[in-house]
Amino acid sequence: MKNENIVVLKELLFRKKNIVIIPHTNPDGDAIGSSLALMHLLNSIDHNSTVISPNKAPYFLKWSPGFENIIYFDSDKNSCLKLIENADLIFTLDFNDLDRIGEMSKYVDSSNAKIILIDHHLNPKDYADLVFSDIEIGSTCELLFELIIELGHEKNIDSNIASCLYLGMMTDTGSFQYSSVTSRTHEIISKLIQKGINQSDIHNKVYNNSSISRLKVLGSALSNLNVLKELNTVYMYLKRDDLKKFDFQKGDSEGIVNYGLSLKNIIFSVMFIEDINDENNIKISFRSQDGFSCNEFANKHFNGGGHANAAGGRDDGPIEETIHKFKKLINKYKDNLTTNK
Ligand code: 5GP
Ligand code: MN
């Protein structure tokens, strides 16, 4: 972390400030965990901070300390605009491009507040006044922990902040299985346990709290699984009619794409999901292992991005056309998908 940036941030936080903290659209555990951890930390040192999420978060994050204080731009625009207008500082967490907060981006971009980016995605765009970006770190929560230490506030990390940080570290590393996990990650977990988190309880609240709809959606995705054997690739899809039939709730489809990688020899797994309200809006998730870059593929062909091994994107649909387009494109990557193994 650049020392001079820490000094600048310390100065910005020297006097009481009105602060807005923004996670990305469709926030995940890392986005919500880092945003709430930062909110608690800033409020503990006498700032007035609020988390504004562009839209709703999945139900399995509801237990997070402070979740009930989050304000949602899509359902409470006026309150959000007031907060943004009065903000001295705006922190953007767990994303690298203002496009990731949708309509909110224009208000953030034109606000007088200083913008501080804290993130671990590849290729951060140049929109912030102060940038804390480290693409080697497995989660924004881990990066935020390091930042809190550098700011000299380790003693302010209570069990609530520690739980929020653990949430993002756990969810963004597939429960500590990905190669982004280091000995430092485990050192930090050790410190969070000393701060009083109950890691087994957090795991259960996130992963063993499924609605019946989630399992039905999982079943539907798995029954729509297609293997492109010669490309070491699988794809799945979820149709809007099925989502409706299963009483789909936000979050139900999260992580299902990872099942594709559990198959022997598969290095690229893709999930296509029709928006429940708009069949011409297809959300796509990409996961890979070995050297295949999801981020580049998503960015080049599907208006998206993310990390080397986990990325997202979208397409206009209809879903049959999106899948057809994908199947045509993927053939061109045969060398990358076979020689990288
Ligand atoms: P997921 O497939 O779980 O939605 O997203 C996987 C990763 O890609 C996450 O790190 C997420 O932040 C990123 N991501 C998802 N959708 C998009 C997108 O539309 N644009 C960009 N740039 N990144 C995305
Ligand atoms: Mn993240």
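Which polar side-chain atom lies 2.8 Å from an oxygen atom of ligand 1? Keep that in mind while you set up the view, and remember that this is a predicted model.

**Stop 1: ligand 1**

Select ligand 1 and show the residues around it. There are 13 of them, and Arg-100, His-121, Lys-283, Ser-285 and Arg-287 come nearest. Now pick Lys-283: the answer to the opening question is a polar atom in its side chain, 2.8 Å from a ligand oxygen.

Move on to Gly-305. Here the backbone does the work of making the contact, with a polar backbone atom 3.0 Å from a nitrogen atom of ligand 1. Then click on His-307, where a side-chain N or O atom sits 3.3 Å from an oxygen atom of the ligand. Put a surface on the ligand if you like: on its own it has 490 Å² of accessible area, and the protein covers 80% of that.

Next, colour by secondary structure. Three strands each bring at least two residues to the shell around ligand 1: β10 (278-288), β11 (305-306) and β12 (310-315). Which strand gives the most to that shell? Select β12, which supplies four residues. Recolour the shell by residue class and you get eight polar, three charged and two nonpolar residues.

**Stop 2: the manganese ion**

Select ligand 2, the manganese ion, and add its protein donors: Asp-30 (OD), Asp-94 (OD), His-120 (NE2) and Asp-172 (OD), at 2.2 to 2.3 Å from the ion. Along the sequence, these donors follow the spacing D-x63-D-x25-H-x51-D. Two of them deserve a closer look: Asp-94 is in the loop between β4 and α4, while Asp-172 belongs to helix α6 (residues 159-172), so to speak of a link between distant parts of the chain is fair, with their positions 78 residues apart. Are Asp-94 and Asp-172 buried or exposed? Both are buried.

**Stop 3: salt bridges**

A search of the whole structure turns up 12 salt bridges. Begin with Lys-77 and Glu-103, whose side chains meet at 2.7 Å, N to O. Lys-77 is in helix α3 (residues 77-86) and Glu-103 is in the loop between β4 (89-93) and α4 (104-109), so this salt bridge ties together parts that are 26 residues apart in sequence. As for accessibility, Lys-77 is partly exposed at 31%, and Glu-103 is partly exposed too, at 40%. Add Lys-106 to the selection, and you have a network of salt bridges linking Lys-77, Glu-103 and Lys-106.

Now go to helix α7 (residues 183-194) and show Arg-184 and Glu-187, which are three residues apart and therefore separated by about one helical turn. Their side chains form a salt bridge at 2.9 Å, N to O. Arg-184 is partly exposed, with a relative accessible area of 24%, and Glu-187 is partly exposed at 43%.

For the last pair, return to strand β12 and select Asp-315 together with Lys-325. Their side chains meet in a salt bridge at 3.1 Å, N to O. The pair links distant parts of the chain, with Lys-325 in helix α12 (residues 319-331) and Asp-315 in strand β12, 10 residues apart. Which partner is buried and which is partly exposed? Asp-315 is buried, with a relative accessible area of 11%, whereas Lys-325 is partly exposed at 32%.

Technical notes
Residues numbered from 1 in each chain as written. Chains lettered and ligands numbered in written order. Predicted model: local features only at pLDDT ≥ 70, side-chain atom pairs only at ≥ 80, totals over all residues. Heavy atoms only, no water. Near = heavy atom within 4 Å. Polar contact = N/O pair within 3.5 Å; in protein donor to acceptor, adjacent residues only side chain to side chain. Areas by Shrake-Rupley, 256 points an atom, 1.4 Å probe, with all protein chains shown as cover. Nonpolar A, V, L, I, M, F, W, Y, C, P; charged D, E, K, R; others polar. Salt bridge = Lys/Arg side-chain N within 4 Å of Asp/Glu carboxyl O. Buried < 20%, exposed > 50% of the residue type's maximum accessible area, 1.4 Å probe, protein only. Donors = N, O, S within 2.8 Å, 3.2 Å for Na, K, Ca; no water.
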